[in-house]
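User: Please take a close look at the largest pocket. Which residues lie nearest its centre, and how is the lining divided between nonpolar, polar and charged? Then follow the trail outward to whatever else can be described.

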Amino acid sequence: MQLRYVFSELGQGLRRNLSMHVAVILTLFVSLTLVGLGVMLSKQAAKTTDYFGSQLEITVWLCKDKDSTPACATQVTDAQRDAILKVVENNPEVAGYRIETQEQAYEKAKELYDKNLFEGSNPVLTPASLRESVWIELKDPEKFEGIESAVQGLDGVQSVQDMRDFVSKILSTLSIFRIGSIAAAVILVLAALLNVGNTVRLAALARRREIGIMRLVGASTMYITLPFVMEALVTAAISIAMASGTLAAFVHFGIFNGIAQELKFIPWITWWDFGTAVAFVAVLGPLLTVIPTLVLTRKYTKV
């Protein structure tokens with residue numbers, strides 16, 4: 001196979017249908033950006049749930065050493081912890097529970113707060129300065145008074161915190177944005193597919209004479225199709241690059257140097273989550289261009 005011919009046809013095809021390719025790139029760019037945004041919002045919802053609990057959870061904070069709370073004379077003992085867990089396990093309102101140790105709380109705090117708080121010979125935050133907690137999952141979000149009153153007065157319990165209203169508002173907002181971005185992305189993906197179909201059709205019509213000659217001399221279907229596939233890959237690559245750049249700008253300016261500076265108590269997505277979104281976009285982009293191109297070229301290149 002003469003690669004020189006393939007690349008020559010690629011360049012001519014891109015120039016010949018430049019406006020159509022630009023339309024595909026712009027439509028695909030916006031749709032991939034929205035898909036990537038939806039992925040990152042899903043990651044943000046998961047981080048929020050992991051840190052604050054789900055809409056079905058309440059948190060029991062246990063006493064720590066040198067506690068200033070009147071209810072806590074000393075750090076919670078093993079016997080007190082066992083008694084608390086027994087009450088939790090036997091309560092009919094409880095679906096399950098999990099324990100977060102001081103070390104686990106410390107690791108979560110390191111993700112949120114300035115690293116200077118954890119450094120030095122006398123750091124501000126240490127595992128001992130944080131509380132152990134029990135995260136209780138409810139069977140019914142409307143039925144929590146029984147378990148709350150049952151554990152509130154137990155020895156070793158500092159307080160019972162209900163974060164469900166706060167968490168539900170955050171998750172509801174994230175869900176609305178995520179669903180909206182995915183819905184808009186689906187519509188734009190359909191538009192991109194239509195643009196890809198029109199581009200392939202126009203490109204095939206423009207090359208119908210060359211295709212006919214190649215058929216007569218015995219050129220394979222792969223040889224005829226390859227320039228079309230290359231055009232699809234170039235279109236996808238440009239769209240992916242533009243979408244990735246936009247998502248990176250959103251994370252850097254919108255999250256790290258924007259809302260995260262105002263709401264530091266919320267764990268925000270990281271560059272790792274951005275990488276996951278880009279990987280998803282990088283896989284989706286070629287699929288949206290190459291697959292319809294392969295299908296349509298079989299139809300439009302039959303001479």
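Analyst: A pocket here is an open set of grid points with protein on both sides within 12 Å along at least five of seven lines, and a residue lines it if one of its atoms lies within 4 Å of a point. The model is predicted.

Start with the pocket itself. The largest one holds about 500 Å³ of space. Its lining counts 17 residues. Those nearest the centre are E111, L112, I266, P267 and W268. Three elements give two or more residues to this lining: α2, α4 (102–112) and α8. By type, the lining splits into 9 nonpolar, 2 polar and 6 charged residues.

From α8 the trail leads to aromatic rings. A pair of aromatic rings is described by the distance of the centres and the angle of the planes. The count of aromatic pairs in the model comes to 3. One of them joins F256 and W271. Their centres are 5.3 Å apart, and the planes meet at 80°, an edge-to-face arrangement. F256 sits in helix α8 and W271 in helix α9, so this pair links parts of the chain that are distant, 15 residues apart. How exposed are the two partners? F256 is partly exposed at 23% relative accessible area. W271 is partly exposed as well, at 41%.

W271 has a further ring partner, F274. Here the centres lie 5.2 Å apart and the planes stand at 85°, so this pair too is edge-to-face. W271 and F274 share helix α9 and are 3 residues apart, about one turn of the helix. F274 is buried, at 14% relative accessible area. Buried means under 20%. Taken together, ring pairs tie F256, W271 and F274 into a cluster.

Now the enclosed space. The search of the whole structure turns up 2 cavities of 30 Å³ or more. The largest has a volume of about 110 Å³. Its lining consists of 12 residues, and H21, V196, T199, A232 and T293 lie nearest its centre. The elements that give two or more residues to that lining are α2 (18–52), α6 (164–206), α8 (221–262) and α9 (271–300). So which elements serve both linings in this way? α2 and α8 appear for the cavity and for the pocket. The cavity lining divides into 6 nonpolar, 5 polar and 1 charged residue.

Helix α6 deserves a stop. A192 is found there. Is A192 buried or exposed? A192 is buried, at 3% relative accessibility. In space, A192 and S31 are 8.4 Å apart, C-alpha to C-alpha. In sequence, 161 residues separate them.

Next, the sheet. Strands of a sheet pair through backbone hydrogen bonds, either parallel or antiparallel. This open sheet has 4 strands in the order β2-β3-β1-β4, and the pairing is antiparallel. β2 (94–100) and β4 (157–161) are the edge strands. Each has a single partner strand, so one side of each has no neighbour in the sheet. From one strand to the next, the twist averages 20°.

Take the pairings in turn. β2 and β3 (residues 133–138) are joined by 6 bridges. There, G96 stands opposite E137 in β3. β1 pairs with β3 over 5 bridges. β1 also pairs with β4, over 4 bridges. W61 has a place in both pairings: it stands opposite S133 in β3 and opposite S159 in β4. Why is β1 called largely enclosed? 5 of its 6 residues are buried, so the rest of the structure largely encloses β1.

After β1 the picture changes. K66 lies in the loop between β1 (57–62) and α3 (78–90). K66 is exposed, with a relative accessible area of 78%. It has a positive phi of about 55°, although K66 is not a glycine.

Back to the pocket, in short. E111, L112, I266, P267 and W268 lie nearest its centre, and the lining holds 9 nonpolar, 2 polar and 6 charged residues.

Methods:
Residues are numbered from 1 along each chain as its sequence is written. This is a predicted model: local features need pLDDT of at least 70, side-chain atom pairs count only at pLDDT 80 or more; totals for chains, interfaces and linings use all residues. Side-chain values use heavy atoms; hydrogens and water are left out. On a 1 Å grid over the protein atoms alone, a cavity is a set of points where a 1.4 Å probe fits but cannot get out, and a pocket is an open set with protein on both sides within 12 Å along at least five of seven lines; lining residues have an atom within 4 Å of a point. Grid points are joined across faces, edges and corners, and a volume is the space filled by probe spheres set on the points. Ala, Val, Leu, Ile, Met, Phe, Trp, Tyr, Cys and Pro count as nonpolar, Asp, Glu, Lys and Arg as charged, and the others, Gly among them, as polar. Rings of Phe, Tyr and Trp (its six-membered ring) pair if their centres lie within 6.5 Å; planes under 30 degrees apart count as stacked, over 60 as edge-to-face and the rest as tilted. Buried means under 20% relative accessible area, exposed over 50%, partly exposed in between (1.4 Å probe, protein chains only). Two strands pair if DSSP finds at least two bridges between them. Axes are lines fitted to C-alpha atoms, for helices over the stretch in contact, and angles run from 0 to 180 degrees between N-to-C directions.
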